[in-house]
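Trainee: I have the model open and would like to check the reasoning behind its description. Could we go through it together?

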Amino acid sequence: MDAVAGKMGRALVAALVEHADLRLGAAIGRPGADYLGEDAGRLAGVGDLGVVVCDRLDAVLDDFDVLIEFAPADIALKHLHAAAASGRAVVLGSTGFGAEQQAEIDALARSIPLVQAPNMSVGVNVLTAFLPQIVAALGEDYDVEILEAHHGQKRDAPSGTALQLGRAVAAGRGVDLDAVACWDRNGAPGPRQPGSIGFASLRAADVVGEHSVWLAGAGERLELTHRAGSRRNFAEGALRAASWVRQRSPGHYDMQDVLGLRAAPRVR
Ligand SMILES: NC(=O)C1=CN([C@@H]2O[C@H](COP(=O)(O)OP(=O)(O)OC[C@H]3O[C@@H](n4cnc5c(N)ncnc54)[C@H](OP(=O)(O)O)[C@@H]3O)[C@@H](O)[C@H]2O)C=CC1
Ligand SMILES: O=C(O)C1=N[C@H](C(=O)O)C[C@H](O)C1
């Protein structure tokens with residue numbers, strides 16, 4: 001597991017110890033950090049697990065089957081290259097990749113099984129699966145705005161989840177998200193562009209993660225909201241993905257694949 005000392009790393013270790021079929025093989029942290037050499041279980045508050053945190057992925061590649069990666073984007077990408085070079089499966093939860101970085105990830109997924117998901121929760125992925133149908137049923141006259149709120153330490157905006165939801169809306173309308181997205185409004189942006197998909201980001205204190213899709217028509221508004229009350233749901237999703245991906249052929253998967261939502265039934 002990479003970035004084991006982070007908010008997600010600790011949540012993952014705490015969740016993992018409750019799964020008898022899973023074992024922490026190795027724990028990676030930031031070079032120079034004062035927690036290097038500490039037991040990863042103790043760091044997560046669940047007692048010693050006999051795995052100390054080290055700062056070199058290449059030194060522990062033989063100690064695990066699946067790399068669970070939640071480091072900042074640039075670090076995650078380096079570790080993905082190392083995992084791919086030694087044929088390890090990967091669960092990638094990090095967000096904030098630029099277009100070129102994403103193209104590198106897409107290429108790496110041709111040689112290893114890789115689950116990439118900006119949000120590992122069941123709720124967000126069920127929403128993602130059904131959103132294209134909801135949007136298509138409402139029609140073009142409904143304005144779509146995507147709101148997200150996170151803790152003050154978050155580096156990227158809009159969140160990876162907001163982008164995933166935006167892509168699902170765009171798919172439901174048969175358009176390219178980049179062509180219709182309105183990322184920002186300030187100054188005098190003028191009236192709302194018909195058919196655009198708007199994004200808004202809030203950052204405050206210790207908010208875990210909240211996402212709302214507004215679908216607003218004349219005289220009514222449908223709001224679809226997911227609120228994460230803790231990081232446990234993300235951690236459980238990532239562990240589920242790790243169990244799932246271990247037996248897969250090389251390819252680029254997401255949580256829709258892991259959860260069997262790829263062919264969601266029609267809502268009647
Ligand atoms: N897919 C999903 O469901 C979710 C995705 N995320 C995403 O996961 C990522 C991490 O989020 P979060 O845990 O909240 O962030 P944190 O900032 O809490 O954790 C990031 C960790 O990465 C560590 N790190 C930095 N450099 C290195 C390095 N060179 N090698 C190893 N570790 C390193 C940091 O170490 P140090 O502590 O020493 O600085 C820190 O512990 C973000 O991109 C976020 O958007 C978050 C939640 C859910
Ligand atoms: O940084 C976070 O905390 C989170 N990031 C993910 C994202 O960018 O969508 C998922 C979750 O909302 C928490």
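Trainee: What makes you say where helix α3 lies, and at what angle does it run to β3?

Mentor: Keep in mind that this is a predicted model. Helix α3, residues 73-85, lies across β3 and β4, and its angle to β3 is about 175°. Angles over 145 degrees count as roughly antiparallel, so α3, at about 175°, is roughly antiparallel to β3.

Trainee: What is the order of the strands in the sheet, and is the pairing parallel or antiparallel?

Mentor: The order is β3-β4-β5-β11, an open sheet of four strands with parallel pairing. β3 (66-69) and β11 (251-253) each have a single partner strand, so they stand at the edges and one side of each lacks a neighbour in the sheet. From one strand to the next, the twist averages 15°.

Trainee: How do you know that β4 and β5 pair?

Mentor: Count the bridges. Pairing needs at least two bridges, and β4 (residues 89-92) shares three with β5 (residues 113-116), in the parallel sense. The requirement is met, so the two strands pair. To find your way there, look at Val91, which stands opposite Val115 in β5.

Trainee: Why is α1 called roughly perpendicular to α8?

Mentor: Helix α1 (residues 7-16) packs against helix α8 (residues 232-245) at about 65°, with the axes 9 Å apart. The class of roughly perpendicular covers 65 to 115 degrees, so the angle of about 65° makes α1 roughly perpendicular to α8. The crossing of these two helices is right-handed.

Trainee: Which residues make that contact?

Mentor: From α1 come Met8, Ala11, Leu12, Ala15 and Leu16. From α8 come Arg232, Phe234, Ala235, Glu236, Ala238 and Leu239. By class, the contact of α1 with α8 has nine nonpolar and two charged residues, with no polar ones. Arg and Glu count as charged, so Arg232 and Glu236 are the charged pair in that contact.

Trainee: What surrounds ligand 1?

Mentor: Its shell has 27 residues, and the closest are Ala3, Gly6, Lys7, Met8 and Gly93. α1 gives the most to that shell, with three residues. The classes are 14 nonpolar, ten polar and three charged.

Trainee: And what are the classes of the residues around ligand 2?

Mentor: Seven are polar, one is nonpolar and one is charged. The shell consists of Thr95, Pro118, Asn119, His150, Lys154, Ser159, Gly160, Thr161 and Gly209. Pro counts as nonpolar and Lys as charged, so Pro118 is the nonpolar residue there and Lys154 the charged one.

How values were computed: Residues numbered from 1 in each chain as written. Chains lettered and ligands numbered in written order. Predicted model: local features only at pLDDT ≥ 70, side-chain atom pairs only at ≥ 80, totals over all residues. Axes fitted to C-alpha atoms, helices over the stretch in contact; angles between N-to-C directions. Contact = placed C-beta atoms within 7 Å. Parallel < 35°, antiparallel > 145°, perpendicular 65-115°, else oblique. Left-handed = near helix turned anticlockwise from the far one by under 90°. Near = placed C-beta within 6 Å.
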